[in-house]
Amino acid sequence: MQNQTQSPANILGTNVITQIGILVHDIEKTAQAYADFFGVEKPPCNWTDPADLAQTEYRGKPSEARAMLAFFDMGSLQLELIQPDEKPSTWREYLDEHGEGPHHIAFVIEGMKEKVMLMEGQNMSLLQKGEYNGGRYAYMDTFKDLKIITELLENDK
């Protein structure tokens, strides 16, 4: 597989997709189905951190939203299954509006604040952001142009 040549206009500074996120109603059942399909062990399904640690903001307001996550490492790409709780989040909104299926593609970037500002300057609004152990994430609304949400992941060094 060849890498695409990056132009100076590449907003993210990368074109390597790190992760595909898929929304599900029943993470245990779906994780087992993926494990069986790929002939691998089912990964653990764990809740995201509570609001005081995650500092989740959804559409500019604090949210106590959490989700249960399961990760499959598939070579250079990670498959993330997401089962959201009922609190306001991009996960819940998207699952309610579109049903189960792909939610986002993710890229590891550097300079989260700058990347978010650049994207917002191109009418790609920040949907949700938060912290995780070792870094932070931001979901950008790229659906109109790219037909999927883009997640930015920044890991602490």
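Okay, let's start at Met74, which sits in strand S5, the stretch covering residues 67-74. Keep in mind as we go that this is a predicted model. Met74 is partly exposed, with a relative accessible area of 32%. Together with Phe37, Phe38 and Val40, Met74 makes a nonpolar surface patch of about 390 Å².

Two of those names come back when we turn to the aromatics. Phe37 and Phe38 belong to one aromatic cluster with Tyr34 and Phe72. How many aromatic pairs are there? The count comes to 6 aromatic pairs. One of them is Tyr34 with Phe72, a tilted pair, with 5.9 Å centre to centre and 45° between the planes. Tyr34 is in helix H1, residues 27-38, and Phe72 is in strand S5, so this pair ties together parts that are 38 residues apart in sequence. And which partner is buried, which partly exposed? Tyr34 is partly exposed, at 23% relative accessible area, while Phe72 counts as buried at 3%.

Here's another pair for you: Tyr94 and Phe143. Their ring centres are 6.1 Å apart and the planes sit at 70°, so we call this one edge-to-face. Again the pair links distant parts of the chain, with Tyr94 in helix H3 (residues 90-98) and Phe143 in helix H5 (residues 143-146), 49 residues apart. Tyr94 counts as buried, at 11% relative accessibility, whereas Phe143 is partly exposed, with a relative accessible area of 30%.

Let's stay on helix H3 for a moment, since Arg92 is found there too. Is Arg92 buried or exposed? At 11% relative accessibility, Arg92 counts as buried. If you look from Arg92 to Ala67, they are 25 residues apart in sequence, and their C-alpha atoms are 9.1 Å apart in space.

Also in helix H3 is Glu93, and that brings us to the charges. The whole structure has 7 salt bridges. In one of them, the side chains of Glu93 and Arg59 meet at 2.8 Å, N to O. Arg59 is in the loop between strand S3 (57-58) and strand S4 (61-62), and it's 34 residues from Glu93, so to speak a link between distant parts of the chain. Both ends are partly exposed: Glu93 at 26% and Arg59 at 44%.

Now over to Arg136, which has two partners I want to show you. Its side chain meets Glu131 in a salt bridge of 3.8 Å, N to O, and Glu131 is partly exposed, with a relative accessible area of 28%. Arg136 also meets Glu154, this time at 3.2 Å, N to O. That second pair connects strand S9, where Arg136 lies, to strand S10, where Glu154 lies, 18 residues apart. Glu154 is buried, with a relative accessible area of 15%. Add Asp156, and you have a network of salt bridges linking Glu131, Arg136, Glu154 and Asp156.

Last stop, the largest pocket. What is its volume? About 570 Å³. The pocket is lined by 25 residues, and the closest to its centre are Thr48, Leu69, Phe71, Glu80 and Tyr132. Several strands each supply at least two residues of the lining, among them S5, strand S6 (77-84) and strand S8 (126-132). And which strand gives the largest share of the lining? That's S10, with 3 residues.

Definitions and conventions
Residues are numbered from 1 along each chain as its sequence is written. This is a predicted model: local features need pLDDT of at least 70, side-chain atom pairs count only at pLDDT 80 or more; totals for chains, interfaces and linings use all residues. Side-chain values use heavy atoms; hydrogens and water are left out. Patches are made of residues with over 30% relative accessible area and no salt bridge: like charges are joined within 9 Å, nonpolar side chains (Val, Leu, Ile, Met, Phe, Trp, Tyr) within 5 Å. Accessible areas come from the Shrake-Rupley method with a 1.4 Å probe; for residues, only the protein chains shown count as cover. A salt bridge is a side-chain nitrogen of Lys or Arg within 4 Å of a carboxyl oxygen of Asp or Glu. Helices (H or I, at least four residues) and strands (E, at least two) are DSSP runs, numbered from the N terminus. Buried means under 20% relative accessible area, exposed over 50%, partly exposed in between (1.4 Å probe, protein chains only). Rings of Phe, Tyr and Trp (its six-membered ring) pair if their centres lie within 6.5 Å; planes under 30 degrees apart count as stacked, over 60 as edge-to-face and the rest as tilted. On a 1 Å grid over the protein atoms alone, a cavity is a set of points where a 1.4 Å probe fits but cannot get out, and a pocket is an open set with protein on both sides within 12 Å along at least five of seven lines; lining residues have an atom within 4 Å of a point. Grid points are joined across faces, edges and corners, and a volume is the space filled by probe spheres set on the points.
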